[in-house]
Amino acid sequence: MAHGMKRLGTLAAAALGLLLVGLMAASWLIDRDQVRRAVETQIRAATGLDLVIGGKTEVSVFPASYVTLYQVGFKHSGDGADMLTAEALTANLGLLPILAGHFEITDLSLLNPRINIVRTAEGGSNWTPILDALARSMKPGGKPAISFSEIRIMQGAIDYRDDARQISEKLSGIDLSLAWPSIARSFAATGHFDWHGERLESSLSVTDFAAAISGERTGLKARLVGAPLKLAFDGIIANRSSLLLEGTLTADSSSLRNLLRWTGHGPIGDGGFGRFNLKARANVVGDSIALTNVNVDLDGNAAEGVLTYNSTTGRPTLQGTLAADALDLTPYIGAVRLLANGARDWSRQAFDLRGLSATDLDMRLSAAKVTIGSSKLGRTAVGANLRNGALALSIGEAQIYRGIVKGSLGLTRTNDNADIKAQFRFTDIDLEAAVSEMFGARKLSGRGDLGVSLEASGANPFSLAQSLTGAATLTGHDGAISGFNVEQLLRRLERRPLSGAGNYRSGTTPFNTLKVALSIDHGVATADEVQIEGPGTRVAITGTTSIPSREYDLKGVASLVPVSDNTQAFQLPFVVQGPWDDPLIFPDSDILIRRSPATAPLLDSLKGHSARDAVKAVIDRFTGNKKTQSDGAHGGTTNGSAAHTPPSPSTANPPAAAPSQPPAANAN
C-alpha cells in the first residue's frame, strides 16, 4: 500500500514537471507578435474604436501571462478624436487556452487613463459607438465582443463636457473595479474617485447590463458616500429616447450650505441651511427630476410634499409644495439684522444678495406654526417666486400677533442694492406685540388694524430707511399709550398751571379709538392725521418723524373732554421730541404762564407802558403786601419825579384779591 502511494506521488510530480517544462518551452516558442495582435483585435472588437499604441509592448507567457501596451489611445475611426488615453494597458491572458493556441483576455487594467466624455448639443455622446457595439454583441445569437470579466482603472481621470448646457467637470483619482457580465448578466462597479477636492466611495450595480446599454428597463442600485453627501438610489433605469430613472432616492448631508458650495452653486445667504436629509420617490426624465412622497428635513424643520427640479433651459428651477407642522425660519431671516447690535441705530452691514442669482424658485409652503425670532405665527400659507434675481413673496393668510396678515413683498437685486416693495394688511392684531417687534417701541397697547405700502432701495438697512417712501395707516381701539397720563396731567395743570416741575413721563393714557395716517417721503414720515380719543381726553398730533435717525419731531394738542356742551374744555399744546423708544414730552410753557392767576397779569401788563408797576403788582400778590402797593402808587423816587408819574394800568385797576391761603400756595 505504501509502495503504491509512493509510485502515485512520483507520477504526479513527473506530470507536473512535464507541464512546467512544456509551459516554459511554449513561452519561448509562442510568437509574441501574434499574441499582441490577438489582444489588439479583441480590444478593437470590444470597443469599436481604433487602438493606437505609441510606446513599447511587453508580452509574458510564463510564469504570468499578460500583454502590456504602453502609451495607448482609443480614437473614433471617423474623426480621430481621442476617447481614452492611458499610460499603460495590461491584458491578462488565460493560461490553458495559450497551450491550445488560443489567446483569451481574462481581465484588463488601465494605468493613469484619461477618459473624455462629450455630450453634444443634440443630446448624443461620443461614447455612443462603444455602447452600440456592446449592445449588438450581447444580443442573443450575437458574437461576443468581450470575453473578459473585469476592468480595473487605476489613478484615472474623466473629463466631462456638456455642449448643450456649457458645463465641464473633472473627476480624478479614480480607482474602480468594473465587473463585466461575461458569465452573469449583471454589471457592477465599486471603488472611489475625487470630485471638487472630496473623496467619494461609490458602488453601482445593474441587473441586466445588456438591457441597460440597449436602453431597455432594468434594475439599478447606486450609492455615493463622502464627507459632503451620502446619496443612494434603488429603482430602474431606461434610456430609449432620453434617460429615465424611477425609484427611491435618499440623500443626507451634515450641511446643505457646504453641499451646494461643493457642487458649484452660488452662496445662499449667511444663516441656516445646515443639517439636511431627504427621502422621496424619484422620477428622472432627461434633465428633469420629479420627487413625490417627499420627506425632507432641513435644520430640524420637517415637511412633506412634492418637488420638481428642472435644468433643461440651462438655469436650474426648483418648484414644489410642502406642508409642515412647525417651522422655525429664524436661522434664515434672523441673519438679516435691521438694527445694529446693542444700539438704537439701523444696521449699516451690507446685504448679501448673491443667493438671488443662484437658481429660480417657485414654492408653496404651509405650516401650522411658524417661528421667526421672537415672532410666533399660527397657521400660515406662503408663496415664494424667484425669477432672474427677483424675489416675490406672497402671504395668502397668516395668523400673527393674535390677528391676521395678508400681503406681498418684492425684492430685486440691482447691482449691490436691494429694491424692495411691500404691501401688507394686518387685521385685528395685538398692537403692543406688533409695534414692539416691527419698530422697537413699547409704548402702545390695544387691538387694531395696520396697513402699509412701502418702497425702498439700498445696500443696507440704514440706506433703506433713508430712501423709504409710501404710506401707513393704523386704527386702534381699547388700548393705551404708556409713558404719560394725559388726563391726570391736564387736570393738574388746569388747577395749577405752574405746578410744572412734575414728571410728565409716567403713567398711561387709555384710549377708545386711535387713528393714524402717515405719508412717507425719503425716510421722513409726516403725520397727516393722528387722533386719540379716550374716556376723558382727546389728543391731536401733527409733525414729522425721521425714520433713519428714529426720532420724533411732533406737536400736538391735548384737551379734556368737556363735561357739557356749555363747558369750554381745557386745552394744552405740547411737543414730542427724541428717540422712538424714549421720547421727551414738553407742554407749552407760554400757555401755562397765561393760565396762571399769578403770572397772567404780568404778561398782560407788559403790553402797557409801565412794566415796573406791573412787576410790583405781581410781587404784591405773591407777598400779600398792600402797603407796598400803596407806596408804589403814591411814593416818590430819589429824583422826586414819582409824584408826576401817572398810575400804571395794573395799579389803577389791581387784580382781584388773592384767596385767603398761604402765599406759597398762591405762587402757582
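This passage walks through the interior, the ring contacts, the salt bridges and two backbone oddities of a predicted model.

A good place to start is strand E5, which spans residues 105-111. Five of its seven residues are buried, so the rest of the structure largely encloses this strand. E5 has a partner in strand E4 (residues 82-93), and the two run antiparallel, joined over six bridges. It also pairs with strand E7 (residues 150-162), this time in the parallel sense and over five bridges. Leu 111 turns up in both pairings: Ala 88 has Leu 111 as its bridge partner in E5, and Leu 111 also stands opposite Met 154 in E7.

The nonpolar interior comes next. The largest nonpolar core takes in 106 residues, and those touching the most other members are Phe 74, Ile 105, Leu 108, Leu 278, Leu 291, Phe 426 and Leu 444. Strand E4 supplies the largest share of this core, with six residues. Then there is a second core, separate from that one, made up of 10 residues, among them Ala 456, Phe 462, Ala 465 and Ile 547. To get a feel for the surroundings of one core member, take Leu 291. Leaving aside residues up to four places away in sequence, Leu 291 touches Leu 249, Leu 278, Ala 280, Arg 281, Ala 282, Gly 305, Val 306 and Leu 307.

Phe 426 from the larger core leads on to the aromatic rings. There are four aromatic pairs in the structure. One of them joins Phe 424 to Phe 426, with ring centres 6.4 Å apart. The planes of these two rings make an angle of 40°, which puts the pair in the tilted class. Both partners sit inside: Phe 426 is buried at a relative accessible area of 8%, while Phe 424 has 19% and counts as buried too, because the cut-off is under 20%. Tyr 401 joins Phe 424 and Phe 426 to make one aromatic cluster.

Rings also meet charged side chains here. Lys 56 lies over the face of Tyr 70, 5.3 Å from the ring centre. Arg 348 does likewise with Phe 462, at 3.7 Å from the centre of that ring. Phe 462 has already come up as one of the residues in the second core.

As for charges meeting charges, side chains of opposite charge can pair when their charged atoms come close. A search of the whole structure turns up 17 salt bridges. One of them brings Arg 119 together with Asp 287, with 3.7 Å between the closest N and O atoms. Arg 119 belongs to strand E6 (residues 114-119), whereas Asp 287 is in the loop between strand E14 (276-285) and strand E15 (288-298), so far along the chain that 168 residues separate the two. Arg 119 is partly exposed at 25% relative accessibility, but Asp 287 is buried at 19%.

Another salt bridge links Glu 246 and Arg 217, at 3.9 Å from N to O. Glu 246 comes from strand E13 (residues 243-253) and Arg 217 from the loop between helix H5 (209-213) and strand E11 (218-225), so this pair ties together parts that are 29 residues apart in sequence. Glu 246 is partly exposed, at 24%, while Arg 217 is exposed, at 51%. The side chains of Glu 397 and Lys 406 meet in a salt bridge as well, again with 3.9 Å from N to O. Here Glu 397 is partly exposed at 40% relative accessibility, and Lys 406 is partly exposed at 44%. Salt bridges can also join up into a network, as they do for Arg 36, Glu 40 and Arg 44.

Finally, a look at the backbone. Most residues other than glycine have a negative phi. Arg 402 goes the other way, with a positive phi of about 60°. This arginine lies in the loop between strand E20 (390-400) and strand E21 (403-414), and at 63% relative accessibility it counts as exposed. Asp 428 has a positive phi too, near 50°. Asp 428, though, is part of a strand, E22 (residues 417-430), and is partly exposed, with a relative accessible area of 38%.

Methods. Residues are numbered from 1 along each chain as its sequence is written. This is a predicted model: local features need pLDDT of at least 70, side-chain atom pairs count only at pLDDT 80 or more; totals for chains, interfaces and linings use all residues. Side-chain values use heavy atoms; hydrogens and water are left out. Helices (H or I, at least four residues) and strands (E, at least two) are DSSP runs, numbered from the N terminus. Buried means under 20% relative accessible area, exposed over 50%, partly exposed in between (1.4 Å probe, protein chains only). Two strands pair if DSSP finds at least two bridges between them. A nonpolar core is a set of buried Ala, Val, Leu, Ile, Met, Phe, Trp, Tyr and Cys residues joined through side-chain atoms within 4.5 Å. Contact means heavy atoms within 4.5 Å. Rings of Phe, Tyr and Trp (its six-membered ring) pair if their centres lie within 6.5 Å; planes under 30 degrees apart count as stacked, over 60 as edge-to-face and the rest as tilted. A charge sits over a ring if NZ of Lys or CZ of Arg is within 6 Å of the ring centre and within 35 degrees of the ring normal. A salt bridge is a side-chain nitrogen of Lys or Arg within 4 Å of a carboxyl oxygen of Asp or Glu.
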